[in-house]
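Morning, everyone. Please take a look at the model on the screen, and then we'll talk about its pockets and its cysteines.

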Amino acid sequence: MYRRSIIITGGAGFIGSHVVRLFVNKYPDYRIINLDKLTYAGNLANLKDIEDKPNYKFVRMDVCDCEGVLDIMKEERVDGIIHLAAETHVDRSIKNPSAFAETNVIGTLSMLQAAKACWESLPDKWEGKRFHHVSTDEVYGALKSDCPEGSPHPDNPGAVAYGTEFFTEDTPYRPHSPYSAAKAASDHFVRAFHDTYGLPTTISNCSNNYGPYQFPEKLIPLCINNIYERRPIPVYGRGLNVRDWLYVGDHADAIDLIFHKGRVGQTYNVGGAGERRNIDLVRMLVEITDRILGRPEGADDDLITFVTDRAGHDDRYAIDSGKLSRELGWKPSVAFGVGLEKTVAWYLGNRDWLDGVTGGEYMNYYAETYTNK
Ligand code: NAD
Ligand code: TYD
């Protein structure tokens, strides 16, 4: 008999696979059910090392299938949900916003309805239950880069900030892309289910993640793969947009903490205090990748190619994680430079994983996305 039974949605994706692995290994007395539709971004190879563990189960299902989710919740006596399943790539959302409304908005509503229906019929109702929703800092919109040369970061001595403002939990929602608009709507539904029905929810809004198992349409794995293959590295606009990078293992730890100890009805921001301009990040990636591959310094600098900017490209994201740090004692543990070295080494050492996800369909997407840039 397991002490808890938890559904993790989107567990075959990038962050989800790290959360599933953490929970399966750290909590052998929990039943962990990975519920994933296996879209192009879902990959069971991300979980090879834990797939035979007795406390792990995979279910292929769409989060929009409310009845199906409810059946599993009853069958497995689920008392916790960590909801990560989503369409996640901004560029894809610009091309096809409806898929984002479907999964991110309707899918989240469907998960909330299943949780409500299951738990409110039990004698102990909300007692010991938790619905944790994983969201993004992109719901807050964009910050200005008003310190373009970089100034000392208030939370991270030795690191730089490219502006004076940071997203807090009280920053008004102002999403710009179809992706962030859909995530914002999903956050509103989660909050509404807490405020209206008393569903025990928490929300986390996190900055850009990086690390192993990220699908190579996102900037960091895309660059590493292109440098390895000696293909052009597409830098949008002038490369001056700023992202706040967080190592994915630190995000998984934050989700674990908030799921277990976060106050019901609350939101927690999670950030790496690791701001970088895209162009500086790309130059670091070229340097690290070439060094690990034993290529001469500067050999691949000319792969860096400035291309047409993304429509509505948010200037800067930067998170204030003060609340999470004060209330739950969380801090990022992996310094950006160290995490980036580890990440490049992982992708170069796991070519079979990269080859597995960069087959024909990926190359079609890549060609279609970058041909007209
Ligand atoms: P990802 O794109 O790597 O993986 C998404 C997963 O969800 C895949 O396994 C996919 O198969 C699954 N999925 C998609 N639609 C589904 C559906 N309808 N039903 C069931 N499963 C479905 O995503 P990620 O980067 O790991 O992001 C996970 C979550 O974290 C998302 O909610 C995202 O908004 C949030 N987030 C991501 C970042 C980041 O930098 N990647 C930052 C902050 C927040
Ligand atoms: P991305 O990894 O898509 O994450 P997000 O849009 O959610 O922040 O992009 C990170 C940054 O890198 C963003 O400012 C857009 C930029 N970018 C490029 O310059 N070139 C690329 O090929 C991609 C995918 C992103």
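How many nonpolar, polar and charged residues are in the lining of the second largest pocket? Keep in mind that this is a predicted model. Here is the split: nine charged, six nonpolar and two polar. That lining has 17 residues in total. Nearest the centre of the second largest pocket you find M1, S5, E76, R77 and V78. Which elements contribute? Strand β1 (4-9) gives at least two residues, and so do helices α2 (66-75) and α4 (97-120). The space in this pocket is about 290 Å³.

Now the largest pocket. Its space comes to about 410 Å³. Its lining counts 27 residues. Find D155, N156, G272, A273 and P332, since they lie nearest the centre. Four elements give two or more residues to this lining: β7 (156-161), β12 (246-247), α9 (322-328) and α10 (336-349). By class, the largest pocket's lining has 13 nonpolar, nine polar and five charged residues.

On to the cysteines. How many disulfides does the structure hold? Zero. Take C66 as an example. Why is there no bond from C66 to its closest cysteine sulfur? That closest sulfur belongs to C64, and it sits 9.9 Å away, so the gap is too far for a bond. The cut-off for a disulfide is 2.5 Å.

Last point: buried or partly exposed? C66 is partly exposed, because its relative accessible area is 22%. C147 has a relative accessible area of 16%, so C147 is buried. The line between those two classes is 20%.

That's it from me. Thanks.

Note on methods:
Residues numbered from 1 in each chain as written. Chains lettered and ligands numbered in written order. Predicted model: local features only at pLDDT ≥ 70, side-chain atom pairs only at ≥ 80, totals over all residues. Heavy atoms only, no water. 1 Å grid on protein atoms, 1.4 Å probe; cavity = no way out; pocket = protein on both sides within 12 Å on 5 of 7 lines; lining within 4 Å. Points joined across faces, edges and corners; volume = space filled by probe spheres on them. Nonpolar A, V, L, I, M, F, W, Y, C, P; charged D, E, K, R; others polar. Buried < 20%, exposed > 50% of the residue type's maximum accessible area, 1.4 Å probe, protein only.
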